Amino acid sequence: MSIDMAPRTVATLTGEPILEIRDLAVDYGYGADPVHALRGVSLTLHRGEVLGIAGESGCGKSTLVYAATRLLPPPGIIVGGEVRYHDPDGAGPVDILRMPDRDLRAARWQDTAIVFQGAMNSLNPVYRIGRQIVDAIAAHRPHTSRAERLERARELLVMVGIDADRVRSFPHELSGGMRQRVMIAMALALEPRVLILDEPTTALDVVMQRQILEQIMELRDRLGFAVIFITHDVSLLVEVADHIAIMYAGEIVEEADARDVYRRPRHPYSHGLLHSFPPLHGPRRPLAGIPGSPPDLQALPTGCPFHSRCPAALPECATVHPELGPTALLEPGRRVACLLHDGEHELPEILTG
Ligand code: SF4
């Protein structure tokens, strides 16, 4: 299979929502000066869709998915919002943030599975990988026999491109790419409807990165799960995602179809991010980077959080906070948080070229 910029599954964005995040807010730390790591984030993931989330380190993308799945470690505190999971077999949406712990444990891995950053290092070095997959299945499907679990482990390895006989291997006998594939196999063991990948290939070389991404997309096409894919590399996301949300300083600043973001970013930060990585398709373009660094989330500036780094900032950007939303000037389905799109300003060249 090859990944390219051709249109993907037509039904994805018109599909039913499976996960709706509404006004999610997270602080780190108690007391008078918590870090406001996430502020009013809303996103919808549709069935079968690949939703990419991009942004610099510390922008809140991992916090978002850990909060949405209630895996946020202390001192992270969810201070607002809801996360509605639409179980296709259920009566109606349930709010994951208010689900009883027992139901949450049952839903985890079965409805929503996560492959963490650097997950390949979390395999137990003293157990064979087959046993580790079998144990993961046993924890959620205790009624299955050991032989059935072992057969499932072999099937899962084949599914992610590893020889079934590797069930007998120890983690140190596998390459980094193979260990990461084992973690993806474990995440898919219970056939989740949502697979969350948090920088799943960052520690791997580019060839292995590409192979694993192709494998994930092939499995998505075959098994129909939806994906939330987190990375700092937006050019990688453009290849694999149907829809992209760009985050900055704990907020979403642009959200649109992946191809629209790639062809014409509408937020100056999205533009900067796209020009910080070499494009994987099309003509070469100069890499510019983004000057400065993100603001201190404990002492956020007034106005637009990006204003001190923005090449197109207006005087009012220092005092007026731009709300994320559609405007008459934007394509349907695109939302941008930038005062340039209020209809009263001429767009700068970086957003029109
Ligand atoms: Fe730049 Fe102002 Fe738009 Fe913020 S609101 S991205 S500072 S132009």
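This report walks through a sheet, a helix, some unusual backbone angles and a ligand site in a predicted model.

**The sheet**

Let's start with the strands. Four of them make an open sheet in the order E2-E1-E4-E5, and the pairing is antiparallel. Strands E2 and E5 (94–95) are the edges, as each pairs on one side only. If you're new to sheets, here is the basic idea: strands pair through backbone hydrogen bonds, either parallel or antiparallel.

Now look at strand E1, residues 17–28. On one side, eight bridges join E1 to strand E2, which covers residues 35–46. Find proline 17 and you can trace its bridge partner in E2, histidine 46. Further along, valine 26 stands opposite leucine 38 in E2. The hairpin of E1 and E2 has six residues between the strands, and glycine 29 in this hairpin takes a positive phi near 95 degrees.

What about E4, residues 76–85? Eight bridges join E1 to E4, and these two strands run antiparallel. One pair to look for is glutamate 20 with its bridge partner in E4, arginine 84.

While you have the sheet on screen, try following the side chains too. In a regular strand they alternate between the two faces of the sheet.

**Helix H1 and what comes after**

Is helix H1 (residues 61–68) mostly covered or mostly open? Mostly covered: eight of its eight residues are buried. Among them are Lys61, Leu64, Tyr66 and Ala68.

Just after H1 you reach arginine 70, with a positive phi of about 60 degrees. Keep going to the peptide bond from proline 74 to proline 75: this one is cis, with omega near 10 degrees. Proline 75 belongs to the loop between H1 and E4.

**Backbone angles worth a look**

Why point these spots out? Because most residues other than glycine have a negative phi, and most peptide bonds are trans. Here are the three non-glycine residues discussed in this report, with their places and angles.

| Residue | Place | Phi |
|---|---|---|
| Aspartate 23 | strand E1 | positive, about 50 degrees |
| Arginine 70 | just after H1 | positive, about 60 degrees |
| Glutamate 191 | loop between H5 and E7 | positive, about 55 degrees |

Aspartate 23 takes us back to the sheet, as its place is in strand E1. Glutamate 191 is elsewhere, in the loop between helix H5 (176–187) and strand E7 (194–198). Is glutamate 191 buried or exposed? Its relative accessible area is 58%, so glutamate 191 counts as exposed, the cut-off being over 50%.

**The ligand site**

Finally, head to the ligand, which sits in the second largest cavity. How many residues surround the ligand? There are 13, and the closest are Cys304, Cys310, Cys317, Cys338 and Leu339. By class, this shell has eleven nonpolar residues, two polar ones and no charged ones.

Two of those cysteines are worth clicking on. Cysteine 304 has a relative accessible area of 12%, so it is buried, as that is under 20%. Cysteine 338 comes out at 15% relative accessibility and therefore also counts as buried.

With several cysteines on show, you might wonder about disulfides. A disulfide is a covalent bond between the sulfur atoms of two cysteines. How many disulfides does the count give? Zero.

Technical notes:
Residues are numbered from 1 along each chain as its sequence is written. This is a predicted model: local features need pLDDT of at least 70, side-chain atom pairs count only at pLDDT 80 or more; totals for chains, interfaces and linings use all residues. Side-chain values use heavy atoms; hydrogens and water are left out. Two strands pair if DSSP finds at least two bridges between them. Helices (H or I, at least four residues) and strands (E, at least two) are DSSP runs, numbered from the N terminus. A residue is near a molecule or strand if one of its heavy atoms lies within 4 Å of it. On a 1 Å grid over the protein atoms alone, a cavity is a set of points where a 1.4 Å probe fits but cannot get out, and a pocket is an open set with protein on both sides within 12 Å along at least five of seven lines; lining residues have an atom within 4 Å of a point. A molecule sits in a cavity or pocket if more than half of its atoms lie within 2 Å of its grid points. Ala, Val, Leu, Ile, Met, Phe, Trp, Tyr, Cys and Pro count as nonpolar, Asp, Glu, Lys and Arg as charged, and the others, Gly among them, as polar. Buried means under 20% relative accessible area, exposed over 50%, partly exposed in between (1.4 Å probe, protein chains only). A disulfide is a pair of cysteine sulfur atoms within 2.5 Å.
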